[in-house]
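Work through the exercises below with the sequence and the model open. Each task is followed by a solution in steps.

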Amino acid sequence: MEISIALIFFILFLIVIFWIIISALRNRILFKMALRNFKRKKGSSVVIIIGLMVGTAIISSSFTVGDSFNTLLAQEIIDDLQGTDEVYVFQIPGSQETLDFPIEIYDELVTEIGDSNSIDGIEAEMRKSINILNFDKNLVEPRVVVAGITLDKSDKFGSLYIDGKKINAIPDNNVILNKDLATELDAEPGNTLNLTYLNSTGNFTVLGVLDLKERGYSTVELYMNLNELQMLLALEGKINRIHISNLGDEISGMEKTSEVKDLVKSANIEYQSFSLFLLREKKAEYDEVFESGFFFADLLLIFGSFTIIASVILIINIFIMLGEERRSEMGMQRAIGMNKLELRRLFVYEGSIYAGIAAVIGTFFGIIVAYLIVWSIGNAFTGGNSADILRAFTFTYESLILAFCLGFLISIATIYYTTRKISEVNIIRAVRNLPEPALSKKDKKSLRVGLIMLILSIFIILLSISPIIDGNDNDENGKIDDSEEVSATNLFLGFSILFFSFPFFLRRVIKDRSAFSIGAILVIVIWSVPLDKFFGLSEDFFTFAIAGMIMVTAMVLLLMVNSRIVVKFFEKMFSSVGCCVAVSRTALSYSLESKFRTGLTIAMFSIVIFIITFMSVLLAIIGGNLEAQIEETSGGFDLMVKMDEPVEDFQIIYNNTDSVDLVDDYFALKSTEVTFNKYSQILESDQVNYPVVGIDDHFIEQNRFKISKLITEFDGDSDKAFSAMKENPEYVLADSSTGGGGFGPPPFLPLELGESTQVTLKDGSKKNVTIIGFIDTFVTFIDPDKSLNGIFIYDQFLVEEYNATGTGILLFKLKDNKDNLAVRRDMERTFLAYGAQSVDFEAEAKEQIEANVQFFNILNAYLGLGLIVGIAGLGIITLRSVNERRGQIGMMRAIGFNKRQVMVSFLIESTYISLLGILIGVIIGLVVSANLFVKLFQEQGYELIIPGFNIAIIILITLGMTLISTIPPSSLASRVAPAEVLRYE
């Protein structure tokens, strides 16, 4: 968390507090009255604080999760680099390929800077990716990262430990494995490993498996003597990395980075006209973690905003009820000379006490919530072992300060807004406790509100459709550029505000109920009908979340203006289950008297229930369409094999394998690599090497990968696109990950639909490519080597224009009695020298789906905090309602209501409000989920799955907890005696 952000909000907090303190000192009597109100009813104060603290807890937990995962990512950098602070190589500009260079370069650097007071040690290393076969278990592992080191010079860079013992030397013909590689190869001490690199090979004995300490955490998977690796690679006397350890430990040594970089630069060492290149800098990587932040924390905060909104609604409700409860008292205060400003100050002083205490409690409660979230993530993604993640659990003072300040400021801003409404009390009506008159049809204030909304809506609509109006984003054919589509979110938001403005004009000529019903219905319709399907608008995930928020607002408005019809329906429903008509009618009539408060309470439930329902349906679709997802991600193939080096004589080698009889069909795709002049945020480079894959007629006819986007020229027809690719060597498809979008890391190679760019071939020549579409091949961010990623071009042009001849990718369709594991192992053994790595699409898809399901489960549990807000809020409101309506309760008892009937009356009222909120939330959640399904999943062959049982459980738990939370205040209401009320009055 950036200290500057925390500092800004802390200063803003101090300004607000300073203003409140100065104002309180100038108005000590008002402050004493506010303090008296706070102390007068301690139980009521406690429940108000609980209501206010939830929003702060959400913010605090989000920041703490971010701090914890930032620490985890930073610790992984430390674990990887250990004592190394800088890694230098020789690298061709614009390429990620490093050069092998004479070890004399290392000796020269040691001579130049080795005796500096800023440097603790300098180490020479050879690091390569090689292929390994375990002879004893007949298992292979391609692309293993192997490091050749001189162990007696490596103490400053992290030591090697086996079974708790430090290894001071690696015996000849021995190697040491890390735990992950040992698991993959099922290797144990004494096993013989065959190491293969290109045409060189050698056998080595496993000395042991590294302990998970010091270099045991390293990304290097196998360590061996430097001279033996040089001989294996046929690169005697060569290295490709120089490690520098700065003076100090793993953390403090980073402070010397700037000095060491200057020393290396001043040494001016070159090889083949290239200067030493800083490949890795621990300090820069470490700092980058905390500067960029962890995206999951942002996601928690975004979805937590629904709960924060519910919390804000609760705050508004609480203080409006406080105002209603003290209405007569405020009328008397106004009558004896207190003005509106002083009345607002009185509530602000009292509210600031509540807000301050709630912000403190919420901040620390958020830490507990964050711990549970981190623990859950650890269990979900580490197979039930959350220890590694929990070791990084932490929080910073900056995050706690920021959470506290934000929580307090949100509460105080909401309280201040609410007090403006409370202070507009009419003295005579307040003293006599008379209801406020209906708003006049000629009221100018409501007309001004309508005009402001109308102007704002027109501005947003025009801004949304500006690509169509100005034509600047149109292509040469006058069509809208695919990369500049009209945003459905912005356009529908503009129309929503427009429709919400209609009632303020219509009410001057028709009844309020009709006017507001028209506006609400129009808003619901525009978000319910998937209009984007007809007009090709651009949507993202948050379009649907925002749709739910706006539809909840419109639905609550529609119900409130038609509340008499709704109340009559519920009266009949409660009567049909045996409730006394008088009791149910009395219970529901109060909601008609306080429509604003009732509407807010219903909205508070609806918002939270909506997002939980929405996420539950999304989770059911993802988790319940396993076969469709496997089909989508695999393109109809069972296995993929990727080569480090293209296989020139593939057909001859393949025909002699044991897998021929197990394979139904195979696709040998040629591949090469080109360089894009594009800036990659991940690489922090403007040169990106990326695969180019040739696709032939066989692949085009048989693959079932979906083409998610095409330029307008092809009107969404993939056959037209493939035909055009056969005619034009510049036309290519890109894997969908290059288009970015959604959460997670940015694309490795950022490309835009329709863009034309130039690529550099291996021989230095240039070629133009045009991205005509994105194809949804199997892509995983967890392990990019397992992705079918690349730029896809017609095979003939890859051979003629890009000089590619060897097979780089194999795709297999196996027979019905398929043995995936046997084919995978056979392919990896057969093509071991080419760095073959196999991928089981079904297994990988299942793993990713399981991770997604776990992710959404955690998110849904987090959203459940909103239910606590709603349930606790209803209990608080019921308690406040008892205090406010003591006179009415006394009259009910006086005309013959017994204690049980009074209690049932309050329970019916609470059930009515919560049930309406639940129904609205569920209905809108289902509607929005259906739209999401149509937009994202229907064309992929998915089935719409409604998790009826899960939703029913949510409804029952919510109703049950609502009853539990409202029974105590309802019981309190039933014990009010008429005589006590007369004394109270």
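**Exercise 1. Contacts and surface of the whole chain**

Task: Among contacts between residues at least 6 apart in sequence, find what percentage join residues at least 24 apart.

Solution. Step 1: in this predicted model, 81% of the contacts between residues at least 6 apart in sequence join residues at least 24 apart. Step 2: set beside this the secondary structure, which consists of 35 helices and 25 strands. Step 3: turn to burial; of the 985 residues, 52% are buried. Step 4: take the outer surface, where the protein exposes about 43,900 Å². Carbon and sulfur atoms supply 57% of that area.

**Exercise 2. A pair of helices**

Task: Describe how helix α4 (residues 103–113) and helix α7 (residues 257–267) are arranged, and state which residues meet.

Solution. Step 1: two packed helices are described by the angle between their axes and the distance between the axes. Step 2: for α4 and α7, the axes come within 10 Å and cross at roughly 115°. Step 3: the handedness of the α4 and α7 crossing is right-handed. Step 4: list the residues in contact. From α4 these are L109, E112 and I113; from α7 they are L263, V264 and A267. Step 5: sort them by class, which gives five nonpolar residues, no polar ones and one charged residue in the contact of α4 with α7.

**Exercise 3. The partners of strand β17**

Task: Strand β17 spans residues 663–676. Work out how β17 pairs with β24, with β18 and with β21.

Solution. Step 1: β17 and strand β24 (residues 807–814) are antiparallel and share seven bridges. To place this pairing in the sequence, note that K670 stands opposite T807 in β24. Step 2: β17 and β18 are also antiparallel, over six bridges, and here E673 stands opposite P691 in β18. Step 3: with strand β21 (residues 756–760), β17 pairs in the antiparallel sense over two bridges. In that pairing F676 stands opposite V759 in β21.

**Exercise 4. The partners of strand β23**

Task: State the direction and the number of bridges for the pairing of strand β23 (residues 791–794) with strand β18 (residues 688–695), then for that of β23 with strand β20 (residues 731–735).

Solution. Step 1: β18 and β23 run parallel and are joined by four bridges. Step 2: β20 and β23 are antiparallel, with two bridges. Step 3: look at F792 in β23. V693 stands opposite F792, and L733 also stands opposite F792. Step 4: join this to Exercise 3; β18 pairs with β17 in the antiparallel sense and runs parallel to β23.

**Exercise 5. Two residues with positive phi**

Task: For D163 and E214, give phi, then locate each residue: D163 and E214. Are D163 and E214 buried, partly exposed or exposed?

Solution. Step 1: D163 is not a glycine, yet its phi is positive, at about 55°. Step 2: D163 lies in the loop between β5 (161–162) and β6 (165–166). Step 3: exposed means over 50% relative accessible area, so D163, at 69% relative accessibility, counts as exposed. Step 4: E214, also a residue other than glycine, has a positive phi near 45°. Step 5: the position of E214 is the loop between β9 (200–209) and β10 (222–225). Step 6: the relative accessible area of E214 is 27%, so E214 is partly exposed.

How values were computed:
Residues numbered from 1 in each chain as written. Predicted model: local features only at pLDDT ≥ 70, side-chain atom pairs only at ≥ 80, totals over all residues. Heavy atoms only, no water. Axes fitted to C-alpha atoms, helices over the stretch in contact; angles between N-to-C directions. Left-handed = near helix turned anticlockwise from the far one by under 90°. Contact = heavy atoms within 4.5 Å. Nonpolar A, V, L, I, M, F, W, Y, C, P; charged D, E, K, R; others polar. Pairing = 2+ DSSP bridges. Buried < 20%, exposed > 50% of the residue type's maximum accessible area, 1.4 Å probe, protein only. Areas by Shrake-Rupley, 256 points an atom, 1.4 Å probe, with all protein chains shown as cover.
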